[in-house]
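Here is a short, friendly walk through one protein chain, residue by residue and region by region. Have the structure open and follow along.

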Amino acid sequence: MNSIFDPSFQNSDIASKIVFALERLSQVFKVKLWGENKKHGLSPLQIQILLFLHFQVDERKNVSQLALEFNVTKATISEAVRILEKKGYLVKKRNPDDARNIMLQLTPAGKETVPEMSLFANELRQCV
């Protein structure tokens, strides 16, 4: 079986070129997220959580949805949320319709900071 990482195979197979390009783009996103990490003192996952909370509908703003979205355990999300709460970027609120469900909301500090964080990928649009 041929590997998508083999340039000679990529040259003859469009699907391999696309998969390889997607892998490279994921690496660029990681580097960009680490750049935001340096500016804000947050991990890439913490930044992704804040971005998710900023742009998603309220029904999706909970630990279970975040774990599904980022393909990590609820424990990993809970730890990241704990740190974000401690840093003042978000708060936990009980869902008025279901007291067992804890919703996550950005604080005023989170709402102020997240739009700037969300711009990290904009320069990639210029490459398209």
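## Starting in helix H6

Let's begin with Met 117, which has its place in helix H6. The model is a predicted one, and every value here was computed from it. Is Met 117 buried or exposed? Its relative accessibility is 0%, so Met 117 counts as buried, the cut-off being under 20%. Along the chain, Met 117 and Lys 39 are 78 residues apart, yet their C-alpha atoms are separated by 9.2 Å.

Glu 116 is also found in helix H6. Here the relative accessible area is 44%, which makes Glu 116 partly exposed. From Glu 116 to Ile 102 the sequence separation is 14 residues, and the C-alpha to C-alpha distance is 27 Å.

## The nonpolar core

In soluble globular proteins, nonpolar side chains tend to be buried together. In this model, the largest nonpolar core has 24 residues, and those touching the most other members are Ile 49, Leu 50, Leu 66 and Ile 77. At least two residues of this core come from each of helix H3 (44-55), helix H4 (63-70), helix H5 (74-86), strand S2 and helix H6 (108-117). Which element gives the most to this core? That is H3, with seven residues.

Ile 77 is a good place to zoom in. Setting aside neighbours within four places in sequence, Ile 77 is in contact with Leu 45, Ile 49, Val 63, Leu 66, Ala 67, Phe 70 and Val 72. Two of these partners, Ile 49 and Leu 66, are themselves named with Ile 77 among the core residues that touch the most other members.

## Gln 46 and Ser 43

Gln 46 lies in helix H3. With a relative accessible area of 7%, Gln 46 is buried, because the cut-off for that label is under 20%. Which residues does Gln 46 touch, not counting those up to four places away in sequence? They are Ala 80, Ile 83 and Leu 84.

Ser 43 is found in the loop between helix H2 (14-40) and H3. The relative accessible area of Ser 43 is 25%, so this residue is partly exposed. Ser 43 and Ala 21 are 22 residues apart in sequence, and 25 Å lies between them in space, C-alpha to C-alpha.

## The largest pocket

Now turn to the largest pocket, which holds about 180 Å³ of space. Its lining includes Asp 58, Glu 59, Lys 61, Lys 93 and Arg 94. Further along the sequence, Asn 95, Pro 96, Asp 97, Asn 101, Met 103, Leu 104 and Gln 105 also line this pocket. Strand S1 (90-95) and strand S2 (98-106) are the elements that give two or more residues to the lining. S2 gives the most, with four residues. How do the lining residues divide by type? Six are charged, three are polar and three are nonpolar.

## Lys 61, a buried lysine in the lining

One of the pocket-lining residues, Lys 61, deserves its own look. Lys 61 lies in the loop between H3 and H4. Its relative accessible area is 13%, so Lys 61 is buried by the under 20% cut-off.

What lies around Lys 61? A polar atom of the Lys 61 side chain is 2.9 Å from the backbone oxygen of Leu 53. Leaving out neighbours within four places in sequence, Lys 61 is in contact with Leu 53, Gln 56, Ile 102, Met 103 and Leu 104. Leu 53 therefore appears both as the partner in that 2.9 Å pair and in the list of contacts of Lys 61. Met 103 and Leu 104 likewise line the largest pocket, as Lys 61 does.

## Asn 71 and Phe 5

Asn 71 lies in the loop between H4 and H5. Most residues other than glycine have a negative phi. Phi of Asn 71, however, is near 55°, a positive value. Asn 71 counts as exposed because its relative accessibility is 71%, over the 50% cut-off.

Finally, Phe 5 is found in the segment before helix H1 (7-10). Not counting residues up to four places away in sequence, Phe 5 touches Gln 10, Phe 20 and Glu 23. For Phe 5 and Phe 20, which are 15 residues apart along the chain, the C-alpha atoms are separated by 6.8 Å.

How values were computed:
Residues are numbered from 1 along each chain as its sequence is written. This is a predicted model: local features need pLDDT of at least 70, side-chain atom pairs count only at pLDDT 80 or more; totals for chains, interfaces and linings use all residues. Side-chain values use heavy atoms; hydrogens and water are left out. On a 1 Å grid over the protein atoms alone, a cavity is a set of points where a 1.4 Å probe fits but cannot get out, and a pocket is an open set with protein on both sides within 12 Å along at least five of seven lines; lining residues have an atom within 4 Å of a point. Grid points are joined across faces, edges and corners, and a volume is the space filled by probe spheres set on the points. Ala, Val, Leu, Ile, Met, Phe, Trp, Tyr, Cys and Pro count as nonpolar, Asp, Glu, Lys and Arg as charged, and the others, Gly among them, as polar. A nonpolar core is a set of buried Ala, Val, Leu, Ile, Met, Phe, Trp, Tyr and Cys residues joined through side-chain atoms within 4.5 Å. Buried means under 20% relative accessible area, exposed over 50%, partly exposed in between (1.4 Å probe, protein chains only). Contact means heavy atoms within 4.5 Å. A polar contact is a pair of N or O atoms within 3.5 Å; within protein, one must be able to donate a hydrogen and the other to accept it, and residues adjacent in sequence count only if both atoms are side-chain atoms.
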